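Reader: I am new to this structure and would like to know how its descriptions are arrived at. Could you take me through a few of them?

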Amino acid sequence: ELEAHAAADRIRQMMAEGKVWDRDTGEFRPVRYGDVVILLRSLTGWGDVYARVLNAAGIPAHTESRTGYFTTIEIQTLLNLLRIVDNPRQDIPLAAVLKSMIGGFTDVELAKIKSAYPDVKFHEACRKYAEEEQKSECKIDLQIQNKLCNFYTNLRTYRQRAEFLPIHELIEELLKTTGYGDYLAAEPAGAQREANVRMLIERAIAFEKTSYRGLFHFVSYIRNLKKN
């Protein structure tokens, strides 16, 4: 990751100051992102890291990878959201969604929630924090509590919708109601991110043609696709 950050710094420097010879015009012109390629001795284990770091730095990047699709932040975020829509009592998916644009929580806010209830699991701490009365001895940050209450209100709605919506329609609704779809479109490499999400929706349509049903089985289905 440090090497990828160094590459991102170098690319930003070249974009600001660099010139390249354009064979079509016969003169120098400013560097474009499409002029840059990063050569690695092996893509395995590294290509996805570089692409993730560069995209996070606002630099559009693409790597040929068989597993990179499943590890992109947009796919991981949506899968984690589906996991907690199916079962909110999962610490890691819940923390991931809260930390994402969908939840909008910072590391400090998540730490405050857990430190308020150090003896229980994270999902229990979140529930307690959202329901805690201000009269209690526990120090509650009203802003954090309001954000949690809004999050759980939305989550209840998603869970109700999941009972009768096909999974591909549920994903489309989640993208719209959370604003996550518009957020991805505005991100660096937005077209690629939207294409990744569209592929997930197509996977959901394919899953619905099988004999299995439900979010739990869909997430397992995606996990098996990644494994195979």
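Author: Happily! Let us begin with a pair of helices: helix 5 and helix 7 are oblique to each other.

Reader: What makes helix 5 and helix 7 oblique to each other?

Author: This is a predicted model, and in it the two helices pack at an angle of about 55°, with their axes 8 Å apart. Angles under 35 degrees count as roughly parallel and 65 to 115 as roughly perpendicular. About 55° falls under neither heading, so the pair is called oblique. On helix 5 the contact is made by Asp 91, Leu 94, Ala 95 and Leu 98, and on helix 7 by Phe 122, His 123 and Cys 126.

Reader: How do you know which residues of helix 5 are buried?

Author: Buried means under 20% relative accessible area. In helix 5 the buried residues are Pro 93, Leu 94, Val 97 and Leu 98. They cover an arc of only 130° around the axis, which puts them on the same side of helix 5. These buried residues pack against helix 4, helix 6, helix 7 and helix 8.

Reader: What makes a set of residues a nonpolar core?

Author: Its members are buried nonpolar residues joined through side-chain atoms within 4.5 Å. The largest one here has 45 residues, and Leu 98 and Phe 218 are among those that touch the most other members. Helix 4 gives the most to this core, with seven residues. Apart from it lies another core of five residues, including Tyr 50 and Val 53.

Reader: Which element has the highest mean pLDDT?

Author: That is helix 5, at 96, while helix 3 has the lowest, at 73.

Methods:
Residues numbered from 1 in each chain as written. Predicted model: local features only at pLDDT ≥ 70, side-chain atom pairs only at ≥ 80, totals over all residues. Heavy atoms only, no water. pLDDT = per-residue confidence, 0-100. Helix = DSSP H or I, 4+ residues; strand = E, 2+ residues; numbered from the N terminus. Buried < 20%, exposed > 50% of the residue type's maximum accessible area, 1.4 Å probe, protein only. Arc of directions from axis to C-beta. Contact = heavy atoms within 4.5 Å. Axes fitted to C-alpha atoms, helices over the stretch in contact; angles between N-to-C directions. Parallel < 35°, antiparallel > 145°, perpendicular 65-115°, else oblique.
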